[in-house]
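Work through the exercises below with the model open. Try each task before reading its solution.

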Amino acid sequence: MDPFSHHNSETNPTLQKELAADRPRTSVAQLSRHEREILIERGFRSLYRWYLQQTHSKRNWSPDTSFDWSSLRRDHSPQIVNIVEGFYAVEQFAPDYTTELTRLTRSNYGRSHFHIQWGAEEERHADVWCNTLLHMHGRSASEIESYTHELRRSAWSLPWNNPIHMIFYTVLQERATELIYLNLAKLTQGRVAQPCVPDHRDPVLAHIARTVAIDEAAHFNFFLEGARLYLFYQPDEAIPALTDVLRGFMMPAADLIPNYDEFTRDLYEVQLFGRWKYVREVVDQALAKLGVLGVRELESAMLDSRHGAPSPAEDTLLVTAWTGLDGALLETTVHRLFSRLNEYERRVGAPHGQEGTFELLTLPEEAKIPAGWS
Ligand SMILES: [Fe+2]
Ligand SMILES: [Fe+2]
């Protein structure tokens, strides 16, 4: 089970009690834009501190010493070797991912600091896939070295130069990556519907894939919580960004890796990923967790908010912007996050918590009616 899942709070009686005690007081639409930005930053700062503590206490693994390398199979099919090489290629752009995203978000303390920690975790993924290639005798050290030189001639750059676009991009990318690694774990554990020829079972490779997938799930959850903060506090900016990202999403480094087509062909052939999986298990799942009722509803809400009544008040604009979102779900998840972070700050006696617990806010009643219900 993913130790980072926020669902733990659903069965935690202490948190449940706090949720009940932390009654929403003010409507978020009554706040100024500046006040809403401060709450987003405050949320990221506390979420980052919580994340860091969880990472060091629960996910401290080493790419060199956490796996039984001598028992890794050395007779994997060329497809599995190509796939592992593709994982290595994508993950070894970690310095670019980290610097670009840290720079983009540098005005937000929690989010930019998170990107440094996140980059360190992505970097160890490159190391573990490099070790896997070597120990499975899939590639020689000199082959990996020349491949790495080739990869390092190009640098990854941001697909969108905007922090809100990039939070949605990272939500989708992390969920897709988690899914692919989980599927490799299932394949190598023999947990697939159709018996495979050749037999891909390998407990060591399954252990590696599961370990990396747990990291990706933690990243997904961080970005998901952050994306909800933007949808809750800045729906007028977040919703257009989300629809842009849904229209233009491409997996990272797809245009930088020379043999990317072979990599994706093999991923699809052994059924670790595919278009259907992307739609049903990445996009649909991520949108459901974000409280998005449907992309069409979002787009029509955006048009309404841009071409609606002349010069509407900002709170009216915000209420319109939430149309297309399941406002009640969004409000509940943001409150649950804040209760968890308040509890964490109290527990550790965090100095950054002395400025007070989070002000818990509510959406205006009109914004809680899902689209199509009114
Ligand atoms: Fe990764
Ligand atoms: Fe990740």
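Two exercises follow, on a helix pair and on one histidine.

This is a predicted model, in which local features need pLDDT of at least 70, side-chain atom pairs count only at pLDDT 80 or more, and totals for chains, interfaces and linings use all residues. Residues are numbered from 1 along each chain as its sequence is written, and chains are lettered from A and ligands numbered from 1 in the order in which they are written.

**Exercise 1.** Describe how helix 2 and helix 8 pack.

Step 1. Locate the helices (DSSP runs of H or I, at least four residues, numbered from the N terminus). Helix 2 spans residues 33–58 and helix 8 spans residues 203–233.

Step 2. Take the geometry. The angle is about 165 degrees and the axes lie 10 Å apart. Axes are lines fitted to C-alpha atoms over the stretch in contact, and angles run from 0 to 180 degrees between N-to-C directions.

Step 3. Classify. Angles over 145 degrees count as roughly antiparallel, so helix 2 and helix 8 are roughly antiparallel to each other.

**Exercise 2.** Is histidine 113 buried or exposed, and where is it found?

Step 1. Place the residue. Histidine 113 is found in helix 5, residues 109–135.

Step 2. Apply the cut-offs. A residue is buried with 20 or more other C-beta atoms within 10 Å of its own, exposed with 12 or fewer, and partly exposed in between; C-beta atoms are placed from the backbone. Histidine 113 has 19 such neighbours, so it counts as partly exposed.

Step 3. Check a distant partner. Phenylalanine 44 is 69 residues from histidine 113 in sequence, and their C-alpha atoms are 9.6 Å apart.

Step 4. Set the chain beside it. Buried residues make up 40% of its 374 residues.

Conventions
Helices (H or I, at least four residues) and strands (E, at least two) are DSSP runs, numbered from the N terminus. Angles under 35 degrees count as roughly parallel, over 145 as roughly antiparallel, 65 to 115 as roughly perpendicular and the rest as oblique.
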